[in-house]
Protein chains: 2
Amino acid sequence: MSYTPTKAPGIPLSDYLRRGDLMAQACPSREVLKHVTSKWGVLVLMALRIETLRFSALRRKVGGVSERMLAQTLQNLENDGFLNRVSYDVVPPHVEYSLTPLGQEAAEKVGVLADWIEVSMPKIAQVWGEREQSEALLKV
Amino acid sequence: MSYTPTKAPGIPLSDYLRRGDLMAQACPSREVLKHVTSKWGVLVLMALRIETLRFSALRRKVGGVSERMLAQTLQNLENDGFLNRVSYDVVPPHVEYSLTPLGQEAAEKVGVLADWIEVSMPKIAQVWGEREQSEALLKV
DNA sequence: CGACATACTAACGAATAGTTAGTACGCACA
DNA sequence: TGTGCGTACTAACTATTCGTTAGTATGTCG
């Protein structure tokens, strides 16, 4: 997965690399955002915030990931410099994943959001409930 | 869009609604996470953190959204209670979107992450560069 | 001698994202 | 008076991505 963003005409790429601009369509930071905030990306970062884990342990911890998606997610995060991948050359294979310092920072920010969502679930569920009720009223 | 999560056997739904658990496959908080961290969800929250905006102004501000995706994203966020939608009954249509207090909280957390990514872009781009170099070496 | 475990990849069908075209209606310009 | 523009959408279609299943190597256990 090499780094070949579509360049916006007139804006030098180096400008984006000095500091990203997510609102700009051509900015490579959108790729990183995608990796970090992807469904499985978030959960992997959360899982590894606690401890170093092997592939299959991660798979058990993160409920519902397929092997393909987990492998892909791990590769993306490794490419962006968020993960360390240490593989021991034995059979059966043994590979350990852990966060790099950059990954720890990312996981921290994502963690704040994830925690907030978990804590705010009751409020959000309440909104869902109210909406259902008013929809029901409209039908009568 | 009604609220019908797949229930994990043995775990009462009310447990998830007391506080979400993102690692649990059946937890409805995953839906919320998806809406908030979706590509366009993030950018819409960022854009509305600054000011109330109309549909087409949002579209111009968030580079590269299609109308369909913007409409869908706005509906999701509105359903979760993050957005206020105020529509004036005139022609041509005039609809204003703004953040609810809940939405402001979400936008704040997402904003910290987004800012961090923008600021960290140089570091990440550097990792990309190094990886490209070592890949090139392997080919020789 | 199977069966199982691990960390993957290839191939395929299913779901999701994105694109394009259309709608109602009023206004400006020619 | 008619041609075109602007707004906030939705429907229909296509491209892309996701997810599921099956395969691989090889050592240990029953």
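A residue is counted as buried here if 20 or more other C-beta atoms lie within 10 Å of its own, the C-beta atoms being placed from the backbone. In this predicted model, Asn76(A) meets that criterion, because 21 other C-beta atoms lie within 10 Å of it. Asn76(A) belongs to helix 5 of chain A, and, when residues up to four places away in sequence are set aside, Asn76(A) touches His35(A) and Gly41(A). From Asn76(A) to Ser66(A) the separation is 10 residues in sequence and 15 Å in space, taken from C-alpha to C-alpha, and Ser66(A) is itself one of the closest residues to DNA strand D.

Chain A as a whole contains six helices and three strands, which follow one another along the sequence in the pattern α-α-α-β-α-α-β-β-α. Of its 140 residues, 34% are buried. Among the contacts in chain A with a separation of 6 or more, 47% are between residues 24 or more positions apart.

The strands can be followed in chain B, where three of them form an open sheet in the order 1-3-2 with antiparallel pairing. Strand 1 (53-54) and strand 2 (83-88) of chain B lie at the edges and have a single partner strand each, so that one side of each is left without a neighbour in the sheet. Strand 1 of chain B is joined to strand 3 of chain B by two bridges, the two strands running antiparallel, and Leu53(B) has Tyr97(B) in strand 3 of chain B as its bridge partner. Helix 3 of chain B packs on this sheet, where it touches strand 1 and strand 3 of chain B, and the direction of the helix makes about 90 degrees with that of strand 3 of chain B.

We turn next to the relation between the two protein chains. A turn of 180 degrees, with a shift of 0.0 Å along the axis, lays chain B on chain A with an RMSD of 0.0 Å, and the two copies are therefore related as by a two-fold rotation axis. Among the residues of chain B, Thr37(B) comes closest to this axis, with its C-alpha at 2.7 Å. The same surface serves both copies, since 100% of the contact residues of chain B recur in chain A.

The contact between the chains takes 51 residues from chain A and 51 residues from chain B. On the side of chain B that touches chain A, at least two residues each come from helix 1 (13-18), helix 2 (29-37), helix 3 (39-50) and helix 6 (101-139) of chain B, and helix 6 of chain B gives the most, with 21 residues. This side of chain B is made up of 28 nonpolar, 10 polar and 13 charged residues.

Both chains also contribute to the surroundings of the DNA. Around DNA strand D there are 18 residues, the closest being Ser66(A), Phe55(B), Ser56(B), Pro92(B) and Pro93(B). Two or more residues of this surface are given by each of helix 5 (67-79) of chain A and helix 4 (55-61), helix 5 (67-79) and strand 3 (94-99) of chain B, and by class the surface holds nine nonpolar, four polar and five charged residues. DNA strand C is likewise surrounded by 18 residues, of which Phe55(A), Ser56(A), Pro92(A), Pro93(A) and Ser66(B) are the closest. Here helix 4 (55-61), helix 5 and strand 3 (94-99) of chain A, together with helix 5 of chain B, each supply at least two residues, and the surface near DNA strand C has eight nonpolar, four polar and six charged residues.

Terms used:
Residues numbered from 1 in each chain as written. Chains lettered and ligands numbered in written order. Predicted model: local features only at pLDDT ≥ 70, side-chain atom pairs only at ≥ 80, totals over all residues. Near = placed C-beta within 6 Å. Helix = DSSP H or I, 4+ residues; strand = E, 2+ residues; numbered from the N terminus. Nonpolar A, V, L, I, M, F, W, Y, C, P; charged D, E, K, R; others polar. Buried ≥ 20, exposed ≤ 12 C-beta atoms within 10 Å, placed from the backbone. Contact = placed C-beta atoms within 7 Å. Pairing = 2+ DSSP bridges. Axes fitted to C-alpha atoms, helices over the stretch in contact; angles between N-to-C directions. Least-squares fit on C-alpha atoms with pLDDT ≥ 70 in both.
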